[in-house]
Amino acid sequence: MSTLDHVDLELLAALAADPRATVVALAERLGLSRNTVQARMARLERSGVFLSYERAISSTALGFPIEAFISVMVHQADLPRITADLARVPEIVQVHGLSGQVDLLVRVACRDTQHLFDTDARILAIDGIERTETSLVMGEVIGYRVTPLMALARREA
């Protein structure tokens, strides 16, 4: 990915402040032409700056109020197949590969504690998974955010 310049960082900050802003509104806010904003947005998208256009939907609103992180230790040679098997478990909302003693950090959403127990059992039953350890989410203290990183990048640019 190419280095972000001052204009890119200002555009990203404007998008973070108003994710629904139109290209015209962004152009007016930044004092740029519509074509410049469109071209920069296209370049940022091609270079992988934008992670997703998917709306973040509450798992609680869908009837799955219990969230947990499941630390998963696996047989390393089986990791690609294990990842494919995990992707078929609908309760899994996110998986991160980690370094250290834990191989995967799996985030799940469930209806209740029995559903969580059953989901953990299904994960543990996947061939190549050696062990799991489950931690119940008590609440989100700091949500996913990049605005402070953008501010830091803008100061350093």
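**Reading a pocket and a core**

Tutor: Welcome! The residues lining the largest pocket comprise 29 nonpolar, ten polar and eight charged. Keep in mind that this is a predicted model.

Student: Happy to start there. What is the volume of the largest pocket?

Tutor: About 2200 Å³. Its lining has 47 residues, and those nearest the centre are Ser52, Glu54, Arg55, Ala56 and Tyr144.

Student: Which elements give two or more residues to that lining?

Tutor: Three helices and three strands do: helices H1 (6-17), H2 (23-30) and H6 (147-156), with strands E1 (66-74), E2 (92-97) and E3 (104-110).

Student: Let's turn to cores. How should I read one?

Tutor: In soluble globular proteins, nonpolar side chains tend to be buried together. Here the largest nonpolar core has 16 residues, and Val72, Leu86, Val106, Val108, Ile123 and Ile129 touch the most other members. Two or more residues come from each of E1, helix H4 (79-87), E3 and helix H5 (113-124). A second, separate core of eleven residues includes Leu15, Ala21, Leu26 and Val37.

Student: Is Ile129 buried or exposed?

Tutor: Ile129 counts as buried because its relative accessibility is 9%, under the 20% cut-off. Ile129 belongs to strand E4 (residues 129-136).

Student: Which residues is Ile129 in contact with, leaving aside neighbours within four places in sequence?

Tutor: Val72, Met73, Val74, Ile82, Leu86, Ile123 and Leu124. With the same kind of neighbours left aside, the contacts of Val108 include Ile66, Ala68, Ile92, Leu116 and Ile123.

Student: And how far apart in space are Ile129 and Leu149?

Tutor: They are 35 Å apart, C-alpha to C-alpha, with a separation of 20 residues in sequence.

Key: Residues are numbered from 1 along each chain as its sequence is written. This is a predicted model: local features need pLDDT of at least 70, side-chain atom pairs count only at pLDDT 80 or more; totals for chains, interfaces and linings use all residues. Side-chain values use heavy atoms; hydrogens and water are left out. Helices (H or I, at least four residues) and strands (E, at least two) are DSSP runs, numbered from the N terminus. Buried means under 20% relative accessible area, exposed over 50%, partly exposed in between (1.4 Å probe, protein chains only). Contact means heavy atoms within 4.5 Å. On a 1 Å grid over the protein atoms alone, a cavity is a set of points where a 1.4 Å probe fits but cannot get out, and a pocket is an open set with protein on both sides within 12 Å along at least five of seven lines; lining residues have an atom within 4 Å of a point. Grid points are joined across faces, edges and corners, and a volume is the space filled by probe spheres set on the points. Ala, Val, Leu, Ile, Met, Phe, Trp, Tyr, Cys and Pro count as nonpolar, Asp, Glu, Lys and Arg as charged, and the others, Gly among them, as polar. A nonpolar core is a set of buried Ala, Val, Leu, Ile, Met, Phe, Trp, Tyr and Cys residues joined through side-chain atoms within 4.5 Å.
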